[in-house]
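Biologist: I am new to this structure and would love a close look at one part of it. Please pick a single strand and take me through its surroundings.

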Amino acid sequence: KYYAKESLYKNCWGEVELKHLEVAVAPFSGPVAFYAPTVSKIIRLDDSFMNSVEIFSRGGDHLGSINASTYHSQIVSVGWNDLEHLVIILENGGVMIYDINGSLLRKFNLEGDCKKPGLLDAKIWGTGFVCLTKNFLLYVLLDFDSPFILKLKNPGLFEPPTAWAIIEPQLSLDQKLEVLWATPQGTIYVITETDATDMLCKNGPFSHLAVAPSGKLFAAYCLSGDVWICTSDFAQELSRFKTRAPLPPKQVVWCGGDAVTLLYEGAGDAQRTVLVLGPNASYISFKFNEAVYLHQEADGVCLLVQSGVQFLHRVSSALVDVLKPAKKNAASRLFRAARLFYQDKSPKADGELRSIRRDLRKAVSRVVDAAAQSFSPERQEVLLTAAAFGQGFLENVKATKFVLTTKILRVLNAVRAVGIPISFNQYNILTPEILLDRLIARDLHLLASQVCAYMGLKSDKVLIHWASRKVQQTRLPDVTVAQSIVQKLRKTPGVSFAAIAREALRHRRRELATLLLD
């Protein structure tokens, strides 16, 4: 198995110094929030000093700011939900939810036994969060839309965990939230709403716990220096790796479903090491002379470094097949045949094609898969050209997969150019509709409309959101705004003006609302 580290963006953070900040990264190539470890610590941004949470795209575009000096309480956790809303949880039980631009959407306070002792920590996921109180009890909010707090089973512990992690409800075997709690005595408890079970581990104490994207595996870093990988039901130990490191890592995350990534930091500005542990005790390491932060994605690891953004991932088996020596398989021989034909103008291309005649259809599909997994537009073009070359020699072929992959890659390349470096696998998990919502939230209406037209999606919500933004431009006369909106939207049948009129009323533009409804 091979792993690659792609450079996605360079020199994108400006004056933000990663080594002084905490980081909260949204999944699926979403935005990044930087904040000081405490509200009293001052961070620097664009030559101004402020107590704030700063929001950036992965490409380094500054999206918004949040004034943290008004909280009057310690931030215990910052994270993102499925809607790319930033969730900030305070020590006093306050919960604030912001949009991608830093505008407050809503806030609420945790009440009762959850709030009284104060919060020690919290873990945020797509639909909710778990908070750990200072008297070592766990409370969970399962749905941000219904802020009802549940108390998890009291494990009867009187010390904070040395590490803890969550298995999200949709990933657990019984569809219920599970908390993994590592104790100073060296065992791990699995805590749910109804049970707190000591798994009687003998490998601890553990300084880090990390759950795989599938929720089926977890990795635990033992203070002895071992990395222990086990199934989430604790039924089977899969591997153990001796790092022989004198100190524990700063971070432990998964790289896809079969590799664990560790970040080691030296004192001060010493060299950082990223260690990737693969199956069968294989490993690879990368050295950095700058600040590094690891963020676990569904299919790899995003590395935020002071000089930019990189993506560490397993090289797809399709791309490995294509790049193997030509005699190994049909996909690599097709790739070689296309190169001989287009670059070398060699008649040997015919011989290569004849040798894989029986497997040509499969070879074409494999080369298309390789192109889909490539971040480089240049490599995509070379691979798709090879696939098209092979496809031209097939009979009764439907080019559905080739055409769809080409369309998706054009969309991905376009959104990567605006700071959303989403991979092909992430796109398939996220769905085109949600990607469209994320473009709309960034006010990228033109690109969103182009994606709709290209992928055959309805553009109604793009136009309505654009019109709502137009309504908010109070410096323009009502008649001018109404004419602009009507002229744009009359070309799209079925678009309702009622939602736009409501937005006008919300901004106290009654005359504009009337004009829109007329």
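Modeller: What follows is a tour of one strand and its partners, with a second sheet and a helix afterwards.

This is a predicted model, in which local features need pLDDT of at least 70 and side-chain atom pairs count only at pLDDT 80 or more, while totals for chains, interfaces and linings use all residues. Residues are numbered from 1 along each chain as its sequence is written, and side-chain values use heavy atoms, with hydrogens and water left out.

Let us begin with strand β14, residues 138-141. Strands (E, at least two residues) and helices (H or I, at least four) are DSSP runs, numbered from the N terminus. From β14, L138 and V140 point one way, Y139 and L141 point the other way, and all are buried; buried means under 20% relative accessible area, exposed over 50% and partly exposed in between, with a 1.4 Å probe and protein chains only.

Which strands pair with β14? One is β13 (residues 129-133), in the antiparallel sense over four bridges; two strands pair if DSSP finds at least two bridges between them. Across this pairing, F129 stands opposite L141. Four residues separate the two strands in a hairpin, and F136 in the turn has a positive phi of about 65°. The other partner is β15 (residues 149-151), also antiparallel, over three bridges. There, K151 is the bridge partner of Y139.

Elsewhere, four strands form an open sheet in the order β8-β9-β10-β11, with antiparallel pairing. Its edge strands, each pairing on one side only, are β8 (75-80) and β11 (104-109). Inside this sheet, β9 (residues 86-90) meets β10 (residues 94-98) over four bridges, with I89 opposite V95.

For a helix, look at α2, whose 13 residues (330-342) reach 18 Å from first C-alpha to last, close to the 18 Å expected at 1.5 Å a residue; the expected span is 1.5 Å times one less than the number of residues. At the start of α2, a side-chain oxygen of N329 comes to within 3.1 Å of the backbone nitrogen of A331. Several residues of α2 are buried, among them A331, L334, F335 and A338. The buried residues of α2 pack against α1 (317-323), α3 (348-355), α4 (360-372) and α5 (377-391), where contact means heavy atoms within 4.5 Å.

Key. Polar contact = N/O pair within 3.5 Å; in protein donor to acceptor, adjacent residues only side chain to side chain.
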